[in-house]
Amino acid sequence: MTDVNKPWYKKWFNDDYLKLYQQRDNKDAKKQIELVLKTLKPDKNNKILDLGCGEGRHLSYFNKLGFKTFGLDLSKELIYSGMKKYGRQNFILGDIRNIPGKYDIILSFFSSFGYFESDKENFSVFDSIFKSLTYKGKFWFDFLNPEYVKNNLIAKNQKELSPDKTAIEERKIENKRVIKKISFISKDKTETYYESVRLFKKEELEAALNQSGFAINNIFANYSGDQWTNNSERTIFNCQKSRLCRET
Ligand SMILES: C[S@@+](CC[C@H](N)C(=O)[O-])C[C@H]1O[C@@H](n2cnc3c(N)ncnc32)[C@H](O)[C@@H]1O
């Protein structure tokens with residue numbers, strides 16, 4: 001496939017992505033993990049998978065605490081960068097639609113969902129997660145909240161990344177997706193990337209998760225663990241393979 005025909009999520013997750021999202025750092029990851037630990041109370045023997053792990057900022061923290069953690073991502077660049085930053089971790093280069101192995105807990109942090117064109121393909125990820133979980137396995141799903149995105153949308157802003165590199169971010173909502181154009185401007189060139197994420201409402205996600213066989217234990221509003229409301233910053237699902245489902 002030529003670069004032009006590649007979907008946006010196969011082009012964007014590189015060094016420029018890391019520069020733009022510098023605030024999504026280890027401190028931010030620690031806060032998310034603390035809520036996971038408090039809520040799921042995982043066992044040190046549990047096999048944990050971070051789906052769409054990126055550089056592995058969550059992975060490295062879990063591993064430091066003595067958990068058996070694996071990370072799956074399709075970006076070679078982010079995985080290599082993570083290896084340099086955190087040392088060798090259990091990285092798996094792969095696609096969230098086809099997860100190898102079985103896990104007791106699967107985690108999806110920071111809106112690593114809703115990237116595919118059709119709802120069917122996006123929801124197929126829940127089936128893939130269900131199949132890759134052990135009996136009564138748990139799924140932690142941290143997604144955006146469309147209402148919050150709409151009410152807080154900044155159409156355009158500029159970030160000075162270094163003395164000779166500026167990023168311009170332009171956002172719009174179109175066809176139930178939040179679309180962001182990111183232009184990196186330096187002295188001799190401009191590079192442009194896109195993000196396009198389907199704005200799934202909480203109710204749509206609940207229905208799809210139930211359909212795939214998950215029971216939902218809680219829905220959180222943020223990384224402090226407040227209960228979800230219409231204008232919460234995040235939509236964080238704590239789900240479990242339903243008792244009614246046999247092990248697959
Ligand atoms: C918004 S980033 C979040 C990264 C990480 N969870 C974090 O919080 O730092 C989304 C990640 O999902 C990965 N990703 C996107 N589509 C994927 C797919 N189809 N299969 C596997 N990984 C994918 C990207 O490469 C990227 O690392």
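**Close-up views of a predicted model**

**View 1. Helix 2 and helix 3 make a right-handed crossing.** In such a crossing, the near helix is turned clockwise from the far one by less than a right angle; an anticlockwise turn would make the crossing left-handed. The model is predicted: local features need pLDDT of at least 70, side-chain atom pairs count only at pLDDT 80 or more, and totals for chains, interfaces and linings use all residues. Residue numbers start from 1 along each chain as its sequence is written. Helix 2 spans residues 26-40 and helix 3 spans residues 57-64. Helices are DSSP runs (H or I, at least four residues), numbered from the N terminus. The two pack at about 60 degrees, with axes 9 Å apart. Axes are lines fitted to C-alpha atoms over the stretch in contact, and angles run from 0 to 180 degrees between N-to-C directions. Helix 2 and helix 3 are therefore oblique to each other (not under 35, over 145, or 65 to 115 degrees).

**View 2. Five residues of helix 2 meet four of helix 3.** From helix 2 come Asn26, Ala29, Lys30, Gln32 and Ile33. Helix 3 offers Arg57, His58, Tyr61 and Phe62. Contact means C-beta atoms, placed from the backbone, within 7 Å. By class, this contact has four nonpolar, three polar and two charged residues. Nonpolar covers Ala, Val, Leu, Ile, Met, Phe, Trp, Tyr, Cys and Pro; charged covers Asp, Glu, Lys and Arg; the others, Gly among them, are polar.

**View 3. Helix 5 packs against helix 7.** Helix 5 (residues 119-131) and helix 7 (residues 202-212) pack at about 40 degrees, with their axes 9 Å apart. This pair is therefore oblique too. Their crossing is right-handed. Phe123, Phe126, Asp127 and Phe130 of helix 5 meet Ala208, Leu209 and Ser212 of helix 7. The contact has five nonpolar, one polar and one charged residues.

**View 4. Domain 1 touches domain 2.** An automatic or database assignment sets the domain bounds. Domain 1 covers 3-145 + 200-241, and domain 2 covers 149-197. Their centres, taken over C-alpha atoms, lie 23 Å apart. Each domain gives twelve residues to the contact. On the side of domain 1, helix 1 (residues 15-20) supplies the largest share, three residues. That side has five nonpolar, four polar and three charged residues.

**View 5. A shell of 18 residues lies around the ligand.** Phe13, Gly52, Gly54, Ser75 and Phe110 come nearest. A residue counts as near if its C-beta atom, placed from the backbone, lies within 6 Å. The shell holds nine nonpolar, five polar and four charged residues.

Definitions and conventions: Contact = placed C-beta atoms within 7 Å.
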